[in-house]
Amino acid sequence: MTDMTVVTMSKGVTGRNSGEPIYLDYQATTPCDPRVVEKMLPWFTEKFGNPHSRNHRYGWEAEEAVEQAREQVAAIIGADSKEIIFTSGATESNNLALKGVAHFYKDKRNHIVTVVTEHKCVLDTCRHLEQEGFRVTYLPVKTDGLIDLAALEEVVDDKTVIVSVMGANNEIGVVQPLAEIGALCRRKGAFFHTDCAQAVGKIPLDVNAMNIDLMSISGHKIYGPKGVGALYVRRRPRVRLVPLINGGGQERGMRSGTLSTPLCVGIGEACAIAQAEMAAETERLGRLRDRLLAGIQARLPEVYLNGDLEHRIPGNLNLSFAFVEGEGLMMGVKDLAVSSGSACTSASLEPSYVLRALGLDAEMAHTSLRFGLGRFTTEAEIDYAIDHVVEAVNHLREMSPLWEMHMDGIDTKSIKWADH
Amino acid sequence: MAYSDKVIDHYEHPRNVGAFGKEEHNVGTGLVGAPACGDVMKLQIKVSPEGIIEDAKFKTFGCGSAIASSSLVTEWVKGKTLDEASKIKNTEIAHELALPPVKIHCSVLAEDAIKAAVADYRKKNATDEAAE
């Protein structure tokens with residue numbers, strides 16, 4: 001262990017003491033695990049070779065490192081390393097999967113199925129494909145955030161080329177029934193793509209058992225570096241893609257460009273650590289998450305959980321604090337780094353489309369906070385967060401006219417509000 | 001979003017949070033905004049027999065800028081006549097709090113809240129006069 005490692009670790013664990021807010025936004029991004037950084041460092045400096053250079057040792061050792069990383073990524077999802085393509089991140093992976101497949105098979109099939117709660121990079125890619133003339137079905141979700149398999153069955157037809165359903169949702173953490181979706185797609189002859197940026201390392205994944213044909217993976221959501229991701233592309237039965245990036249034909253022609261050895265090594269090591277520690281981490285985070293939920297609900301009335309609790313990654317909690325606006329609340333919990341589904345935190349001024357898709361009215365969507373727990377979250381931090389949230393919510397409810405009405409027995413929905 | 005020091009000050013130390021009895025003769029209540037839009041302000045003024053606003057209270061559901069805007073106007077309306085209070089412009093509020101463009105609607109809402117409170121007071125008292 002180097003000195004740097006120790007310093008980084010202590011900051012991660014005791015961020016509170018250094019005067020910085022407690023980081024509870026692990027679905028936004030994660031810190032690089034110091035063990036990952038340590039593995040990456042030599043590949044920036046002394047081992048700087050181009051992994052595609054075939055003529056000398058510099059190239060060979062870089063290639064070997066990249067291929068080892070490819071195996072580490074493949075291992076965590078039960079794939080063969082030949083089926084892993086390195087990309088710049090999950091956004092690129094999602095673009096490549098959807099556009100690549102749609103364009104390759106466009107003469108045979110032109111229909112795409114996805115879900116309204118997908119990440120913006122899937123939805124925006126689908127919108128783009130719609131403009132090109134593809135037909136896209138956006139499947140709704142139930143109030144628990146999960147899709148209805150019977151509804152999926154109905155919309156997938158013999159023109160459906162690809163079905164894209166995320167593994168775990170970035171806002172509410174709910175885990176979709178991937179194996180069932182995979183079986184359905186296989187039966188109907190459609191490819192199954194899943195954006196697993198939030199799921200890899202959090203839940204067991206097996207591309208063969210789940211009949212997954214394409215899977216997007218992100219480095220920085222699993223304690224790896226930003227700027228690197230991967231796309232799993234099934235070889236048997238073979239999935240073919242039109243590449244987004246043309247060039248020297250790297251990554252089996254599907255993604256040209258010189259690979260970054262340190263970034264590949266980083267995501268590989270991140271996968272290896274995640275795979276080794278997933279069982280223990282799931283148990284530990286689940287316990288902390290339950291502690292946070294129970295601690296808040298024991299002391300505050302009118303707190304509602306968004307999304308199913310059982311089918312959920314362990315490190316996510318998304319709560320609506322009725323009668324308290326989310327951005328105002330985030331300002332109140334300034335010792336916590338969290339996210340809100342409130343309109344005011346987004347550029348669009350629209351409340352979270354994911355929460356709206358669960359059937360939450362705009363009012364409740366405005367009152368939500370997302371707590372993301374992760375590898376460096378401690379019990380002491382959770383206990384502090386509970387106290388801090390309870391205090392802030394009580395303070396803001398004292399000055400909330402809606403809370404006052406609620407306490408007076410007035411239903412705020414019975415009032416005719418002037419929209420502005 | 002980075003807030004100005006004045007917004008943070010009003011958020012952390014809101015002035016005049018609370019409520020007067022809605023039914024009191026000398027109280028005007030303005031309730032503006034909508035929960036679905038993420039902002040609701042309730043502003044109340046207490047008016048002296050001479051027509052001077054002698055006290056004000058607010059409660060706000062909203063972001064930091066909305067809370068600060070309403071807190072600020074409770075300070076500004078005190079000591080003013082109803083006409084003077086009605087002349088407070090959202091631009092003055094936005095300027096005082098250094099609100100960014102995306103938060104201008106908070107100052108607009110605060111201006112609306114003053115006007116609504118004044119209108120409520122006048123309506124109440126006009127009815128009383130008519131009844132006498």
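Two strands count as paired here if DSSP finds at least two bridges between them. Keep that in mind as you click around, and remember that this is a predicted model.

**Stop 1: a small sheet in chain A**

Select β9, β10, β13 and β12 of chain A. You are looking at an open sheet of 4 strands, in the order β9-β10-β13-β12, with antiparallel pairing. Now colour β9 (303-305) and β12 (339-340): they stand at the edges with a single partner strand each, so one side of each has no neighbour in the sheet. Zoom in on β9(A) and β10(A), which pair in the antiparallel sense over 3 bridges. Pick Y304(A) and look across to β10(A): the residue standing opposite is S320(A).

**Stop 2: strand β6 and the way into it**

Next, select residues 191-195 of chain A, which is strand β6. Is this strand mostly covered or mostly open? Mostly covered: 5 of its 5 residues are buried. Show the side chains and see how they divide. F191(A), H193(A) and D195(A) point one way, F192(A) and T194(A) point the other way, and all of them are buried. As a general rule, side chains in a regular strand alternate between the two faces of the sheet.

Add strand β5 (residues 160-164) of chain A, which pairs with β6(A) in the parallel sense over 3 bridges. To find the match-up, pick I162(A), which stands opposite F191(A). Then trace the chain from β5(A) through helix α7 (residues 178-188) to β6(A); this β-α-β crossover is right-handed.

**Stop 3: T194 of chain A**

Stay in strand β6 of chain A and centre on T194(A), which has its place there. Why does T194(A) count as buried? Because 28 other C-beta atoms lie within 10 Å, and 20 or more are enough for that label. Leaving out residues up to four places away in sequence, T194(A) touches V165(A), M166(A), G167(A), L178(A), I212(A) and M215(A). For a sense of distance, draw a line from its C-alpha atom to that of R70(A): the two are 124 residues apart along the chain and separated by 19 Å.

**Stop 4: strand β7, next door**

Select residues 214-218 of chain A to bring up strand β7, where 5 of 5 residues are buried. Turn the strand and check both faces. L214(A), S216(A) and S218(A) lie on one side, M215(A) and I217(A) lie on the other, and all are buried.

What joins β7(A) to β6(A)? There are 3 bridges between the two, and the strands run parallel. Click T194(A) and you'll find M215(A) opposite; click D195(A) and S216(A) is opposite. Now bring in strand β8 (residues 229-233) of chain A, which pairs with β7(A) in the antiparallel sense over 5 bridges. Here S218(A) stands opposite G229(A) in β8(A).

**Stop 5: helix α12**

Select residues 379-398 of chain A, the 20 residues of helix α12. At 1.5 Å a residue this helix should span 28 Å, and its end C-alpha atoms are 29 Å apart, which agrees. Highlight its buried residues: E381(A), I382(A), A385(A), I386(A), V389(A), A392(A), V393(A), L396(A) and R397(A). They cover an arc of only 150 degrees around the axis, so they sit on the same side of α12(A). What covers them? The covering elements of chain A include β1 (22-23), α8 (261-299), β10 (316-321), α9 (326-332), β11 (336-337) and α13 (401-407).

**Stop 6: T261 in helix α8**

Head over to T261(A), in helix α8 of chain A. This residue counts as buried because it has 24 C-beta neighbours inside 10 Å. Beyond residues up to four places away in sequence, it touches W43(A), P51(A), A62(A), A65(A) and V66(A). Try K47(A) as well: it is 214 residues away from T261(A) along the chain, but their C-alpha atoms are separated by 9.0 Å.

**Stop 7: where the chains meet**

Finally, show chain B alongside chain A. How many residues are in contact? There are 22 from chain B and 23 from chain A. On the chain B side, β1 (27-34), β2 (39-47), β3 (53-61), α2 (64-77) and α5 (104-131) each supply at least two of the residues that touch chain A. Colour that side of chain B by residue type and you get 14 nonpolar, 6 polar and 2 charged.

Definitions and conventions. Residues are numbered from 1 along each chain as its sequence is written. Chains are lettered from A and ligands numbered from 1 in the order in which they are written. This is a predicted model: local features need pLDDT of at least 70, side-chain atom pairs count only at pLDDT 80 or more; totals for chains, interfaces and linings use all residues. Two residues are in contact if their C-beta atoms, placed from the backbone, lie within 7 Å. Ala, Val, Leu, Ile, Met, Phe, Trp, Tyr, Cys and Pro count as nonpolar, Asp, Glu, Lys and Arg as charged, and the others, Gly among them, as polar. A residue is buried if 20 or more other C-beta atoms lie within 10 Å of its own, exposed if 12 or fewer, and partly exposed in between; C-beta atoms are placed from the backbone. The expected span of a helix is 1.5 Å times one less than its number of residues. The arc is that of the directions from the helix axis to the C-beta atoms. A crossover is right-handed if, with the strands pointing away from the viewer, the path from the first strand over the helix to the second runs clockwise.
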